[in-house]
Amino acid sequence: MELSDLNSAQQEAVLYCDGPSLVIAGAGSGKTRVLTYKIAYLLSQGMEPWNILALTFTNKAANEMKERIGRQVGLEKARRLWMGTFHSIFLRILHYEHEAIGLSSDFTIYDAADSKSLVKSIIKEMGLDDKTYKPGSVLSHISAAKNRLVLPDAYMRDAQLQKADQASRIPATGSIYKTYWNRCRQADALDFDDILLYTFLLFQHRPDILAKYEENFHFVLVDEYQDTNYAQHAIIWQLTQRRKRVCVVGDDAQSIYSFRGANIDNILTFQQLYQGARLFKLEQNYRSTQNIVEAANSLIRHNRGQIQKDVFSRKEKGQPVHLFQFYSDLEEAAGVAKKVIGLHRFDHIGWNDIAILYRTNAQSRTFEEAFRKQDIPYRIYGGLSFYQRKEVKDMIAYFRLAVNPNDEEALKRVINYPARGIGATTVSKVIDAASQQGISVWQVLMNPANYIPSMNRGTQVKLYEFVQLIEGFRAAVNDEDAATLGSRIAKESGLVAEVFRGREPEDITRQENLQELLDGMQQFVDDRQQEEGSERVLMTHYLQEISLISDLDESDDSSTEKVSLMTIHAAKGLEFKVVFIVGMEENLFPNQMSDNSLRELEEERRLFYVALTRAEEQCFLTHAQNRYRYGKSEFCSPSRFLDEIDRRFVQEDTSSAIGTRKRSASGFSALFDDDQPFGPRRSYGSPERMDLSRFTSIPSGRKVNTFTPSRVYVPETSSNPSDPGQYPVSQTQTEAGTLRIGSRIEHSRFGRGEVIALNGSGMDAKATVRFDNVGTKQLLLRFAKFTLVD
DNA sequence: ACTAATAACATTTTT
DNA sequence: TGTTATTAGT
């Protein structure tokens, strides 16, 4: 380990290990570096790796740190560290100590969707109106309570909470919470929040067990401390209260998860809780140019109540932050795409070094389409993760049942999938009986006639067969390894047969996903076996691993360079040479949902701060004057945040974009027009130049343009003088080309087929297509999603 | 009990 | 505009 790799502030933070310390690490100041060096330093001082606990928020951060430490001290040592996410480490502890807290050894984890579904059914069962009691919002109340370590009874006894719920006209929240709690217990299931809550309770009720862990963890490190919630904070306190050898690292200016319960006070009051805690500030930013750092500083100054710090850069001054205005969201995307091409082609910036950051996932679509049109390789982060896809969740539900048949949510998912004649009525009868008797659904299923006298013979037989099916899997759960059992379940449950029946493109994807899941299990088993030696890798181990994984996307293909598209939240912790922050408009960023309170506005501002500080060399801000929202075009004014950045660091490249050029050209085309019309030249927002030929009637056999852009402006015929004279019409085609009789196309839903007729004109142009698998269909070209084949 | 049609809905979301 | 959830229809 080379301490000389560190600046003096970093060194001090690494070397002080005798008591509690708080490291305030400005953006790009080498926070991860300090953590890894500190761990390496502790090891070099003779501390054993298993005496060190290092907690992160994401698997990604944990893995990255493991890898970096592995490089310094060797993989063998690194592997023995207690390093991982809060949830994974505590889940491990709960597995060891399950008995002490009255948990079954086979408990399973409810993911967010399971929790929501359970809350929803409870609301229904209680006969409450799900308009007043929105499952999502009730769940966030429950989650908030758990994160503050408030149990159901305490919730109902708490006068303040009761008053608040009364005022919000949701007085039953407490009793929903209680029922939810009981149902989870009956199901032997923990939700994400329970992992923290139960750990806290375990340590609180069993000082002997706490002492054991306290004894073991000689040093505790916590990353991203600004994002901890109260429960996490409390557990850290439990574990460190005696030795007080703890180092927390974070940046209050980058706290962007308070909506998930993160409490910024944890970091702000750390020094009061840990008397005499040393404070280290990492203020030198190694990531970004001076201009970017200064711009970000000037922005965040508008927040109050932060830990005073002075982040600076010694890199070159660099370019100012560029600001561009566009007429519409479509032009924004097209303009950004164009600029990206320019950066790549003329400035030789790699695709990997460019990121497009936006506030909401919905904004990704326009960029996706603009990039596809320009042949820019891109990768969208976020969206549905692998483990959230239906077929994968179904499969995992069977796995969960095999380990824990009481798992109500898993059971509900697959009791009639694939269809086996157990209808909704039967299922709700069974669930009602179970909750009436205070037993698990599975217990009812084992002896349905006993609990539901009215049940007819045929249904009983079907239920019996289902129970037998699951029992068959259960019998093997401690003998067969995860992969073997997994593929057996895939087959015997009928899931594979069900999914492999279809031949349509989406079916193929689903089949591939199932295959990937099974392959992944084999991989997991192989890896684990190598790591842990001879011990058998069981289904329960597999479930424990994947229950806390959100996106395994990393694996897909990092070989090819791609531009990254993601939300700002997803970008936290990452850095890129060039960053575009798009959609800088009021009501979008800051989001309109957060204009109720100063607190939320400040969080939005921190979010913008995070976005700005992702950039190493260049940063582009863009906003549009009109934007599609929920199908309608809306006027948008520039974000107030734009005015909050000191003018000295901004270059406004916008005046020429609007008005002067008939509001047709974008800011970028004014500046970067490289005379490269893309595709058939489409002049967005410039009706007078619109090529209308494709809207005229199409004699059969003649070529017809299938237009590329996602959306096209069509001139308004009976124009109203007060409006801009342009009406957006949606197009959803995916690829350009010409369509004629005999063309082969591939439709996103119907698969491949041949065009046998073309008719209609203008907006109504239709194609009749004989599909290979699904017969003949009429496609309205305006809407159809297809591509030309050959 | 399934599909088809329609209504409702729509931030961010490390685990 | 897109998705998703519920409802109606056979």
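Visitor: Which residues in H27 meet which residues in H28?
Guide: Happy to start there, with the note that this is a predicted model. The axes of H27 and H28 come within 11 Å. The H28 side of the contact holds Met539, His541, Tyr542 and Glu545. The partners in H27 are Leu517, Met521, Phe524 and Arg528.

Visitor: How do those residues divide into nonpolar, polar and charged?
Guide: Sorting the contact of H27 with H28 by class gives one polar residue and two charged ones. The nonpolar class has five.

Visitor: Are H27 and H28 roughly parallel or roughly perpendicular to each other?
Guide: Their axes cross at roughly 105°. Angles from 65 to 115 degrees count as roughly perpendicular. H27 and H28 are therefore roughly perpendicular.

Visitor: What lies in the loop between H27 and H28, and is Gly533 buried, partly exposed or exposed?
Guide: Gly533 has its place in that loop, with H28 spanning 539-546. Its relative accessible area is 32%, and values between 20% and 50% count as partly exposed. Gly533 is therefore partly exposed.

Visitor: How many Å separate the C-alpha atoms of Gly533 and Tyr451?
Guide: Along the chain, Gly533 and Tyr451 are 82 residues apart. In space, their C-alpha atoms are separated by 47 Å.

Visitor: How far apart in space are Thr509 and Gln651?
Guide: Thr509 is found in helix H27, and at 39% relative accessibility it counts as partly exposed. In sequence, Thr509 and Gln651 are 142 residues apart. From C-alpha to C-alpha, the separation of Thr509 and Gln651 is 46 Å.

Visitor: How are helix H19 and helix H27 oriented?
Guide: The axes of H19 (residues 390-403) and H27 (residues 505-532) come within 9 Å and cross at roughly 40°. An angle under 35 degrees would count as roughly parallel, and 65 to 115 as roughly perpendicular. The crossing angle therefore makes H19 and H27 oblique.

Visitor: Which residues make the contact of H19 and H27?
Guide: From H27 come Arg510, Asn513, Leu514, Leu517 and Met521. By class, this contact of H19 with H27 has seven nonpolar, one polar and two charged residues. The H19 side is made by Glu391, Val392, Met395, Ile396 and Phe399.

Visitor: Is the crossing of H17 and H18 left-handed or right-handed?
Guide: Helix H17 covers residues 329-346 and helix H18 covers residues 364-373, with axes that come within 9 Å and cross at roughly 45°. H17 and H18 are therefore oblique to each other. As for its hand, the crossing is right-handed.

Visitor: Which residues in H18 do the H17 residues meet?
Guide: H17 brings Asp329, Leu330, Glu332, Ala333, Ala334, Val336, Ala337 and Val340. By class, the contact of H17 with H18 has nine nonpolar, one polar and two charged residues. The residues met in H18 are Thr366, Phe367, Ala370 and Phe371.

Visitor: What is the phi of Asp375, and is this residue buried or exposed?
Guide: Asp375 sits in the loop between H18 and strand E13 (378-380). Most residues other than glycine have a negative phi. Asp375 has a positive phi of about 60° although it is not a glycine. With a relative accessible area of 67%, Asp375 is exposed.

Visitor: Where is Tyr630 found, and what is its phi?
Guide: Tyr630 is found in the loop between strand E16 (615-629) and strand E17 (632-635). At 82% relative accessibility, Tyr630 counts as exposed. Although Tyr630 is not a glycine, its phi is positive, at about 50°.

Visitor: Is the peptide bond from Tyr417 to Pro418 cis or trans?
Guide: Pro418 has its place in the loop between helix H20 (408-414) and helix H21 (424-437). Most peptide bonds are trans. The bond from Tyr417 to Pro418 has omega near 0°, and it is cis.

Visitor: What is omega for the peptide bond that joins Phe589 and Pro590?
Guide: Pro590 is placed in the loop between strand E15 (576-581) and helix H30 (598-612). The bond joining Phe589 and Pro590 is cis, with omega about 5°.

Visitor: What percentage of the residues in chain A are buried?
Guide: Chain A has 790 residues, and its secondary structure comes to 32 helices and 27 strands. A residue counts as buried under 20% relative accessible area. Buried residues make up 53%.

Technical notes. Residues are numbered from 1 along each chain as its sequence is written. Chains are lettered from A and ligands numbered from 1 in the order in which they are written. This is a predicted model: local features need pLDDT of at least 70, side-chain atom pairs count only at pLDDT 80 or more; totals for chains, interfaces and linings use all residues. Side-chain values use heavy atoms; hydrogens and water are left out. Axes are lines fitted to C-alpha atoms, for helices over the stretch in contact, and angles run from 0 to 180 degrees between N-to-C directions. Helices (H or I, at least four residues) and strands (E, at least two) are DSSP runs, numbered from the N terminus. Angles under 35 degrees count as roughly parallel, over 145 as roughly antiparallel, 65 to 115 as roughly perpendicular and the rest as oblique. A crossing is left-handed if the near helix is turned anticlockwise from the far one by less than a right angle, and right-handed if clockwise. Contact means heavy atoms within 4.5 Å. Ala, Val, Leu, Ile, Met, Phe, Trp, Tyr, Cys and Pro count as nonpolar, Asp, Glu, Lys and Arg as charged, and the others, Gly among them, as polar. Buried means under 20% relative accessible area, exposed over 50%, partly exposed in between (1.4 Å probe, protein chains only).
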